[in-house]
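User: I have a structure open and want to learn how its descriptions are justified. Can we go through it in short steps?

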Amino acid sequence: MKYVGFLFGGLSATYAGYYLVLYLYRWEWQRALISGVLLLVIEGFLACLVLLSRLSRLERRLVEYDARVEEVRRRLEQSREAAPDRRFRWIGSEELNGTQRTFVFVPVLMVAGAALSGVAFLIQKVAGVTTHPGAERRLAGRLAGLTAPPGAGARSPRLEDRPAVPPSRAGRKAAALVAAVASVALLVVMRGSLADATQTRPETAPDAAATTVVFQIDMRGEVAAEARQLAAHDLWQTCRRSTAALNDRTSLHRLEEKVYAGVIRPALPPHDVMRLRGCIEDASTNRATARVLGEGQAASRH
């Protein structure tokens, strides 16, 4: 499921980035903004996927570490249960019999033994109170680093058989270097192409008297012809100012019910024509949208 999310996010990011560059090339700013916001949302989605993947990996590692600590703690408990009895051996000794001549030392030994047994009893109680499972857990956590990694079996190489320094991978380094150089070159080419497509630069004036753009106005709902005419006029006056060339002499003519023709004198260069077309396609005013039906250069100067 994780790889499906990465695949979906990558394809969506590529799609949004492609249309972002396309709308910038066409000078359709509103659509470019929407594509840019969508690209940012997808990037946030991919970043969240990466973070969730890393958190899941850390959680699995913590679970494995806790399992190893518990295994070490169980081993410690088993070793404590299997330890030999450390009590005083003379207490349970069966070799003593009444034939030995102890005389007066018997009471002294009994009193000394009772005193030492009491002291040992107190030490055992104090040790039992101060030692709790948390200490064993901490000890198990310290010893977990010495255990074998999960999944290590009989076929795994021994530690002394492994090289002290991993062998160098010249092929991977060369591939990474080639990929880095290709990425830098591609970035330079894409930057130059995008700059040529979107930057405003001086252009040679075309050999024509005027530029004509024919577009259709669509409005939501039933509107009067005067309202459509006003919307077309507002849209034309807004978009004709988006060109870099001076276009003081402009006119707008109604051809059909929804079709209008705008004329600009003198003729615009190709880049300004593209900017004008993008503005008309992208702009919206007074619940109206426009669709360019065609454009061209009219009447040669000669």
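**Reading the labels**

Analyst: Start with Arg-249, which sits in strand S2 (residues 249–254). Keep in mind that this is a predicted model.

User: Why is Arg-249 called exposed?

Analyst: Its relative accessible area is 55%. Exposed means over 50%. Therefore Arg-249 counts as exposed.

User: Which residues does Arg-249 touch, leaving out those up to four places away in sequence?

Analyst: Arg-249 touches Val-263, Ile-264, Arg-265 and Pro-266. Contact here means heavy atoms within 4.5 Å. Take Pro-266: it lies 17 residues from Arg-249 along the chain, and their C-alpha atoms are separated by 7.6 Å.

User: How do you know that the length of helix H1 agrees with what is expected?

Analyst: H1 covers residues 2–25, which is 24 residues. At 1.5 Å a residue, H1 should span 34 Å. The C-alpha atoms at its ends are 34 Å apart, so the two values agree.

User: Which residues of H1 are buried?

Analyst: Among them are Gly-5, Gly-9, Ala-16 and Tyr-23. Buried means under 20% relative accessible area. Just after H1 comes Trp-27, with a positive phi of about 60°.

User: What makes H6 oblique to H7?

Analyst: Two packed helices are described by the angle between their axes and the distance between the axes. H6 (residues 225–240) and H7 (residues 270–282) pack at about 140°, with axes 9 Å apart. Angles over 145 degrees count as roughly antiparallel, and 65 to 115 as roughly perpendicular. The angle of about 140° fits neither range, so H6 is oblique to H7. Their crossing is right-handed.

User: Which residues meet where H6 and H7 pack?

Analyst: From H6 come Leu-235, Trp-236, Cys-239 and Arg-240. From H7 come Leu-276, Cys-279 and Ile-280. By class, this contact has six nonpolar residues, no polar ones and one charged.

User: What makes H7 "mostly covered"?

Analyst: Eleven of the 13 residues in H7 are buried. They include His-271, Val-273, Leu-276 and Asp-282. H7 reaches 18 Å from its first C-alpha to its last, close to the 18 Å expected.

User: How many helices and strands does the chain have?

Analyst: The chain has seven helices and five strands. From the N terminus on, the order is α-α-α-α-α-β-α-β-β-α-β-β. Of the 302 residues in the chain, 24% are buried.

How values were computed. Residues are numbered from 1 along each chain as its sequence is written. This is a predicted model: local features need pLDDT of at least 70, side-chain atom pairs count only at pLDDT 80 or more; totals for chains, interfaces and linings use all residues. Side-chain values use heavy atoms; hydrogens and water are left out. Helices (H or I, at least four residues) and strands (E, at least two) are DSSP runs, numbered from the N terminus. The expected span of a helix is 1.5 Å times one less than its number of residues. Buried means under 20% relative accessible area, exposed over 50%, partly exposed in between (1.4 Å probe, protein chains only). Axes are lines fitted to C-alpha atoms, for helices over the stretch in contact, and angles run from 0 to 180 degrees between N-to-C directions. Angles under 35 degrees count as roughly parallel, over 145 as roughly antiparallel, 65 to 115 as roughly perpendicular and the rest as oblique. A crossing is left-handed if the near helix is turned anticlockwise from the far one by less than a right angle, and right-handed if clockwise. Ala, Val, Leu, Ile, Met, Phe, Trp, Tyr, Cys and Pro count as nonpolar, Asp, Glu, Lys and Arg as charged, and the others, Gly among them, as polar.
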